[in-house]
Each structure stands twice: as C-alpha cells, then as structure tokens.
2 protein chains.
Amino acid sequence: MIPCRGRVEVGPLRLERGGELPQVELAFETWGRWDPQRKNAVLICHALTGDAHVAAHDPQDRPGWWEAAVGPGKPIDTRRWFVLCSNVLGGCYGSTGPASPVTSGDPSSRWGGRFPTITVRDMVHAQRRLLDALGIDRLALVVGGSLGGMQALEWAVTYPDRVEAAAVLAAPPAASPHAIAWNEVQRQAIFTDPAWQGGDYPPDRPPRRGLALARMLAMTTYRGRDEWEARFGRDEVPPGTDPVAARAGDYATAPRPGVPAEFFRFQIESYLHYQGEKLVRRFDAATYVTLTRAMDLHDVGRGRGGLKGAAERVRARVYVLSISSDLLYPVEEQRRLVRALRRAGKDVTWHVWRAPWGHDSFLVDGAGVARRVMEWLDEPGAAAAGPREGAAVAVGEGRP
Amino acid sequence: MIPCRGRVEVGPLRLERGGELPQVELAFETWGRWDPQRKNAVLICHALTGDAHVAAHDPQDRPGWWEAAVGPGKPIDTRRWFVLCSNVLGGCYGSTGPASPVTSGDPSSRWGGRFPTITVRDMVHAQRRLLDALGIDRLALVVGGSLGGMQALEWAVTYPDRVEAAAVLAAPPAASPHAIAWNEVQRQAIFTDPAWQGGDYPPDRPPRRGLALARMLAMTTYRGRDEWEARFGRDEVPPGTDPVAARAGDYATAPRPGVPAEFFRFQIESYLHYQGEKLVRRFDAATYVTLTRAMDLHDVGRGRGGLKGAAERVRARVYVLSISSDLLYPVEEQRRLVRALRRAGKDVTWHVWRAPWGHDSFLVDGAGVARRVMEWLDEPGAAAAGPREGAAVAVGEGRP
C-alpha cells in the first residue's frame with residue numbers, strides 16, 4: 001500500500017551537466033490505489049512554483065493546485081486511476097533543492113546558491129527512481145503543463161518503455177531564446193536584490209524584493225493580453241486603497257516642489273505587486289533560480305540527434321496542447337514538436353485551444369484541460385485525424 | 001535662419017496631471033531649410049531612449065538614430081524638407097527632465113525622483129511652444145515610432161489645425177495593461193537597486209544595475225521571436241569569452257561542493273547583458289522612470305470622449321504602421337486606432353509590415369520605413385484603398 005504522502009530517498013544522483021548530488025529525496029503525494037494488473041498509474045508533473053499537492057485528499061484538506069482536475073468523479077478520476085505527483089528535484093516543497101541542507105539533519109548547511117545546475121532530464125531520472133521505489137513499473141499517463149509538460153515530454157523520450165501515454169501541455173520541445181531571456185531577467189532581478197548575497201541568504205532574510213520582481217515579470221508572460229484588457233484595462237486604483245503600493249515606498253512618495261503629492265497606480269500594477277508579494281511568502285529564491293535555469297536548459301533533442309532523434313525514441317501516444325494566447329511558449333513551438341513526432345510516425349494528437357488566459361490557461365481551467373486529456377486517453381486511434389474539436393473549447397489552427 | 005542645433009526656453013509649463021514646471025527648455029536639431037511659403041516642416045519625434053540627433057549634419061558628424069532615413073537624397077530628403085527633432089520633455093539629452101537642475105545653473109539641485117509626472121500630451125504642448133519660438137506655424141508631417149508615434153498621434157489630435165499629415169509607427173492609441181505591466185516591472189527593477197535612493201542618487205553613482213535590468217527586460221519586448229530564434233537560437237557563449245558575464249558576479253561564481261565550477265551563458269543572455277550595460281553608459285535612471293510613466297499614461301482619448309472623440313478631432317491625413325512581429329504594441333492595437341479614424345471619416349492609411357525584428361523594426365530598417373512614409377505623403381488620395389503593398393515589404397493583414 002502506497003501512502004498518500006511520503007518522502008523517498010532516491011540518491012545519490014549523477015547530474016547531466018556534471019557532478020553528483022550525494023543525497024536526493026523526493027516528496028510525493030498520491031490519490032487512488034495502484035493496481036499492478038491494470039497499470040493504472042498517472043504521473044502528474046507540476047510547474048515552476050508548484051508542489052506535490054495536486055488536490056485535497058479529503059474534504060478537510062486544503063485544495064491543491066489542480067483541484068478541479070483530480071479526485072473521485074473528477075476528470076482524472078481517482079476511483080479509477082492511481083495518481084502520483086512528486087515535488088520536482090531542485091524544488092522547495094520537500095524534495096532536495098537549494099533550500100535543503102547540504103548535510104542531512106544540519107539545517108545550517110543550506111545549499112542556497114551553491115546548488116548545482118540541474119536539468120529537466122535530471123528531474124525525470126529522479127522521478128523514475130521514485131517510481132522504482134514505489135514499485136510502479138509503468139505509467140498509463142504522464143501529464144504536465146509548462147515545466148511539467150517539459151518533464152512529461154522528457155519522460156516519453158528518456159523512458160519510452162515505461163510510458164504508455166504522455167500529455168504535454170503548453171510546453172515547448174526546447175526553451176526558445178525569448179523564454180531564456182525572460183528567465184534570465186528574472187534571475188537578475190533576484191541577484192540585484194542585495195539580500196541575495198550570492199545565494200547564501202539566511203532563510204529568514206531572503207531576497208524578497210528580487211523574487212517578487214521576478215514573479216511580476218513572470219506574470220506578464222503567463223497571462224493573456226485579451227484577458228488583461230478585459231479584466232484591468234486602464235483602470236486605476238482608487239487612492240488609498242492599495243496597501244501593497246503604500247508599502248512599496250517608491251516613486252510616488254518623494255515630495256515634489258511645486259507639484260501636488262500624487263499616488264497613482266493602475267489596477268494591473270496593483271495586481272502584479274500582489275502576485276509578487278504572494279509568491280515571496282511561499283517560495284524560495286535560490287530554488288527559483290535553479291528551476292528557471294533547468295527550464296532554459298530544456299532541449300529534448302540534446303545529445304539525441306536533435307528533435308528528430310528524440311521523436312524517434314518515443315513509443316507512447318502523445319497529446320500536445322497549445323494555448324492560442326500563450327506568450328511564453330507560443331503555438332508555433334508546439335507545432336515543431338508535433339511535426340517531428342508525426343514525421344517519425346508517432347501517434348500524436350494536437351489541440352490548439354483558444355483560451356484567453358495565456359500560458360496559465362491549463363491552470364485556470366484545470367477541469368476542462370484534464371477532461372480533454374482523459375477523453376483523448378480513452379480514445380486510442382483518434383490521433384491520425386489530426387487536430388479535432390474538444391468538448392468545451394473551440395479549436396482553430398492546428399496544422400503542423 | 002533656424003540653427004541646426006539649439007535650445008529654447010518654452011516654460012513655465014502647466015502639466016496635465018497637475019502642477020507646473022517653472023522652467024522648461026527643449027534641445028533641438030534641424031536639417032534643411034524652413035520655407036514659410038512651402039510649409040515644408042517635418043517634425044520627427046524620438047522614442048524612449050532617443051535624442052534630437054536623428055542624423056549627422058555633415059560627414060564628420062556622428063551618425064544619428066535614424067541616419068538611414070534623413071539627409072540629402074535620403075527618404076526624408078533634407079534638400080526638400082526642413083526636418084526638426086527635439087529631445088522630449090522629461091528627457092536627458094538637453095531638454096528639461098529629471099537629470100536637469102531644479103534651479104537653473106545650480107547642478108546640485110537635480111530633480112531626480114522628484115520630477116513631476118508628465119504625459120505625452122505635455123510633451124506635445126512643449127514641442128508646440130518650441131515650434132512657435134522657431135516661427136513654424138504648420139507641420140507638413142509629424143512622424144515617430146513607439147513613444148514618438150504616441151507623440152505624432154497626440155499632435156494630430158491636440159493641434160489639428162497645425163498638422164497636415166501624421167505618421168504613427170508602431171504605437172497604440174493607448175497603453176495596454178501588458179505594456180503598462182512591462183514598464184512597471186522595469187521601474188521596479190530600478191527601485192530595487194539600492195543605488196536608486198528614492199531617485200536622489202548622485203549623478204556619478206546611479207542605479208546602474210537596476211537600469212541595466214530594466215533595459216534587459218525592455219529588449220525582450222522590442223525584438224522579434226523569429227529574429228532571436230535565427231540569430232541566437234540556443235547557442236552558448238564559449239567559456240571565457242564574455243567579459244560582461246564575468247563581471248556580473250552571479251550564480252555561477254559560488255563554489256559548489258562536489259560539483260565542477262561552471263560558467264555558462266546562452267548567447268541571448270550575453271546579448272541582453274550587453275544591451276543593459278550599453279544603455280547605462282548613456283541614459284539616466286530617473287528619466288527612464290519618468291518617460292515610461294508618460295508612456296503608461298498615454299491614452300489619446302482621455303478627456304476627449306474616448307478614442308472616438310479623439311479621432312473626430314483629427315484633420316491631418318494619418319498613416320499607421322503596424323509591425324507583424326511587435327510584441328509590445330501588437331497589430332490589434334493599431335487596428336483599433338485605424339478603425340476609429342475610418343469610422344470618423346478620416347483619411348487614414350494602414351500598413352501591416354511583415355518584419356522580423358519586432359517593435360524595433362522601424363529603427364532597424366529606418367530607410368525602408370521612412371521611404372514608405374514619404375511615398376504615402378506624396379500620394380494623397382491613395383488612402384481610401386486601404387492596406388496596400390509597399391515597395392520593399394510584403395503586406396499581409398490590414399483589415400481594420
């Protein structure tokens with residue numbers, strides 16, 4: 001019997017870019033029951049700031065980040081499927097990462113900025129060991145969005161014999177220069193905060209401002225243009241109603257000779273500041289640096305003869321979801337992946353989803369996305385038809 | 001005879017958002033000769049970090065930011081046209097702005113972060129006074145890209161009797177929430193640098209790192225996806241060849257136990273750092289804050305019954321250029337402007353230019369853009385035909 005929460009030691013782990021992590025633990029959560037006969041395991045891979053808590057385990061439990069997608073009677077129905085999610089290698093929610101002690105049991109020996117460079121492939125290797133430890137020899141489905149989608153894709157390529165189906169949501173075959181650029185600016189925002197101290201900040205004095213700034217930038221790449229236009233437009237914050245702004249101590253506070261004191265902020269700015277402050281309360285800055293770097297290094301074709309070589313390794317059926325309003329990983333990038341898989345003769349289904357919420361759409365409408373994935377999972381053979389209409393969403397472009 | 005370089009006092013100036021600037025000077029440059037009979041004045045408005053130096057005045061002079069566009073025999077032919085450009089109000093290239101002394105002649109009394117909030121409309125009011133001072137009563141053309149395009153549009157709406165033609169390049173009728181968000185993150189990058197000191201930094205100790213970071217982010221919104229894909233892709237900087245990187249003192253420098261020291265940077269990252277450092281050597285941080293704020297506040301319909309009301313005021317012929325790869329002000333935003341002008345019965349021509357360099361395309365191919373503008377200027381009546389083919393570029397979408 002696999003527990004619904006746990007932590008397993010899976011190290012030491014040799015890393016793709018050199019070096020070794022002497023001790024690696026992965027924190028995980030599970031839902032439903034593993035049935036070795038039916039091989040009913042669904043591995044969910046979380047995104048950059050996610051954790052293993054995909055959904056509540058009971059009505060008293062706090063909701064998870066994909067609450068609408070996973071549970072009894074929900075799209076990923078835990079009466080039928082055994083669902084597993086682990087906090088990613090390098091994460092700060094229980095797995096080994098920059099916030100972990102270098103020496104087990106000695107919290108003063110934090111990795112911080114010294115944590116080695118890891119890749120999405122390292123994450124998948126660590127996850128594979130976790131599955132071994134739990135006795136799960138085969139995945140009916142591996143699914144994830146964004147960084148989670150990169151992992152799902154790496155799973156299908158790295159361990160083709162262990163994956164029956166992979167759903168890659170809003171993730172590219174390799175990080176584009178634009179995606180790298182946005183990540184680099186975010187890291188530099190953290191480094192510019194004097195509290196960063198080369199990554200050796202004490203846990204109670206983290207580079208809050210830098211991390212908040214990174215998150216603010218990230219949000220501009222996660223959300224949709226039309227969504228923000230409709231939701232915020234050019235609305236202003238009524239004076240005196242924005243406590244975050246009042247604390248920020250910025251350009252509005254200096255007295256100006258001859259000019260009336262003014263505090264002014266657009267709603268969109270207030271929203272960004274709120275999102276920045278929210279992340280700082282729950283996430284570690286060095287972890288943010290480590291995981292964004294892993295995303296930059298994501299290139300499923302590396303060392304495999306490029307995307308073509310990677311595609312040829314796949315044996316799983318593959319579902320690819322593009323989001324029409326995704327600024328971070330635009331439709332064109334998944335098109336390349338789909339093309340490569342088709343040319344390699346693989347069973348691939350591609351949906352281009354006209355959703356307004358940008359990259360985050362897979363989180364905003366978790367139920368809708370998961371429903372589409374599970375419908376696809378239950379309909380083998382529908383793939384060759386190419387792009388098709390989903391239940392609740394209109395599908396537009398979709399020719400690879 | 002108007003000199004080819006000069007500075008004119010145009011203040012005091014009451015500001016749109018309240019308060020007054022007691023002394024306002026605008027620095028300007030001119031090319032060609034003003035002919036009061038032919039009314040041959042072309043006003044060029046520069047973008048965020050530009051200056052009045054559009055082009056060299058003679059072969060020994062340094063090149064300007066639109067060198068390929070302006071000069072004898074060039075698209076904006078200075079044998080025929082009298083060309084004028086002034087450093088924008090709030091700028092740091094000779095006009096009154098945050099880097100100017102509060103009290104004339106006392107450099108220790110710098111405005112810095114206390115400079116009042118200004119708007120694009122204020123910029124245009126100041127420019128109008130400059131034209132008055134120079135005796136230029138009418139503009140044959142006002143043209144600009146980005147912040148310069150916002151000014152060109154404001155000119156046509158604010159002073160309809162003084163503008164015969166306006167060319168609005170890669171600029172929206174109002175700043176979108178996404179554009180505001182990107183500007184706000186850039187300002188916060190400056191504020192996060194401890195050297196900012198509320199805007200009261202000494203001129204020799206500016207917030208270099210914050211301003212560089214702001215510029216790095218800005219570059220991600222100025223350039224094209226396909227351009228970066230082709231130019232940088234996922235190429236890495238060969239070790240030891242990136243002096244900017246070596247100075248940055250960031251995540252790669254800390255020794256990592258058990259892991260080989262690694263310095264690693266993608267070419268796109270090196271490019272961003274280079275661009276950041278380059279701007280810091282030539283631009284002032286408080287000016288950057290002031291001008292980005294003015295861009296956020298750009299809304300040509302404010303106080304005029306919205307975009308519709310603004311469009312109705314226009315008497316000039318209007319040329320609107322959209323750039324297909326523009327991430328900052330996407331095509332859709334100019335479509336709104338063009339629609340409003342057409343509905344108001346105005347003479348408007350819209351080109352959607354399939355250029356790969358993103359928002360900056362109007363700078364990258366200055367000659368091509370200026371040629372199209374001047375061809376349009378010489379062909380009155382062609383407007384009603386709607387989007388048309390340019391000489392050197394393919395035109396795609398263009399239905400408002």
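Here are some short exercises with worked solutions on this predicted model.

**Exercise 1. Work out how chain B is related to chain A, and through which surface the copies meet.**

Solution. Start with the superposition: a rotation of 180° with 0.0 Å of shift along its axis brings chain B onto chain A, with an RMSD of 0.0 Å. That is the relation of a two-fold axis. Next, turn to the interface. Of the interface residues of chain B, 100% are also interface residues in chain A, so the copies meet through the same surface.

**Exercise 2. Find the residues with the most contacts inside the largest nonpolar core, then list the neighbours of A:Ile136.**

Solution. The largest nonpolar core has 196 residues. Inside this core, the residues with the most contacts are A:Ile136, A:Tyr288, B:Ile136 and B:Tyr288. Now set aside the neighbours of A:Ile136 within four places in sequence: A:Ile136 is then in contact with A:Ile2, A:Trp34, A:Ala41, A:Phe82, A:Leu84, A:Leu131 and A:Arg162. As background, nonpolar side chains in soluble globular proteins tend to be buried together.

**Exercise 3. Locate the "active site" positions of chain A and describe the surroundings of A:Ser146 and A:His359.**

Solution. Begin with the record: an unreviewed UniProt entry places the feature "active site" at A:Ser146, A:Asp326 and A:His359. These positions are spread over 214 residues of sequence, yet they cluster in space, with a largest C-alpha distance of 10.7 Å. From this set, A:Asp326 is part of the lining of the largest pocket.

Then place two of the residues in the fold. A:Ser146 sits in the loop between β9 (141-145) and α2 (147-158) of chain A, while A:His359 lies in the loop between β12 (348-353) and α11 (361-364) of chain A.

Is A:Ser146 buried or exposed? Its relative accessibility is 5%, and buried means under 20%, so A:Ser146 counts as buried. A:His359, at 1% relative accessibility, counts as buried by that cut-off.

Finally, check the contacts, not counting residues up to four places away in sequence. A:Ser146 touches A:His359, and its other partners include A:Ala47, A:Leu169, A:Met295 and A:Phe362. A:His359 touches both A:Ser146 and A:Asp326, so the contacts of A:His359 take in the other two annotated residues. Further partners of A:His359 include A:Thr221, A:Tyr222, A:Ile323 and A:Ser325.

**Exercise 4. Decide whether the "binding site" residues gather at one spot or lie apart, and compare their settings.**

Solution. For "binding site", the unreviewed UniProt entry lists A:Arg215 and A:Asp360. They span 146 residues in sequence, but no two of their C-alpha atoms are more than 13.6 Å apart, so they gather at one spot.

A:Arg215 is found in helix α4 (residues 208-222) of chain A, whereas A:Asp360 is found in the loop between β12 and α11. A:Arg215 counts as buried at 11% relative accessibility, and A:Asp360 is buried with a relative accessible area of 11%.

For contacts, again leave out residues up to four places away in sequence. A:Arg215 touches A:Thr49, A:Tyr222, A:Gln275, A:Gly276, A:Leu279, A:Arg282 and A:Tyr288. A:Asp360 touches A:Met219, A:Tyr222 and A:Arg223. A:Tyr222 therefore appears among the contacts of both A:Arg215 and A:Asp360.

**Exercise 5. Find which side chain makes a polar contact with that of B:His351.**

Solution. First locate B:His351 in strand β12 (residues 348-353) of chain B. At 1% relative accessibility, B:His351 counts as buried. The partner is B:Arg372: the two side chains make a polar contact at 3.0 Å.

Methods:
Residues are numbered from 1 along each chain as its sequence is written. Chains are lettered from A and ligands numbered from 1 in the order in which they are written. This is a predicted model: local features need pLDDT of at least 70, side-chain atom pairs count only at pLDDT 80 or more; totals for chains, interfaces and linings use all residues. Side-chain values use heavy atoms; hydrogens and water are left out. A nonpolar core is a set of buried Ala, Val, Leu, Ile, Met, Phe, Trp, Tyr and Cys residues joined through side-chain atoms within 4.5 Å. Buried means under 20% relative accessible area, exposed over 50%, partly exposed in between (1.4 Å probe, protein chains only). Contact means heavy atoms within 4.5 Å. Copies are superposed by least squares on the C-alpha atoms of residues with pLDDT of at least 70 in both. UniProt positions are given in the numbering used here, feature names are shortened, and annotations may be inferred rather than shown by experiment. On a 1 Å grid over the protein atoms alone, a cavity is a set of points where a 1.4 Å probe fits but cannot get out, and a pocket is an open set with protein on both sides within 12 Å along at least five of seven lines; lining residues have an atom within 4 Å of a point. Helices (H or I, at least four residues) and strands (E, at least two) are DSSP runs, numbered from the N terminus. A polar contact is a pair of N or O atoms within 3.5 Å; within protein, one must be able to donate a hydrogen and the other to accept it, and residues adjacent in sequence count only if both atoms are side-chain atoms.
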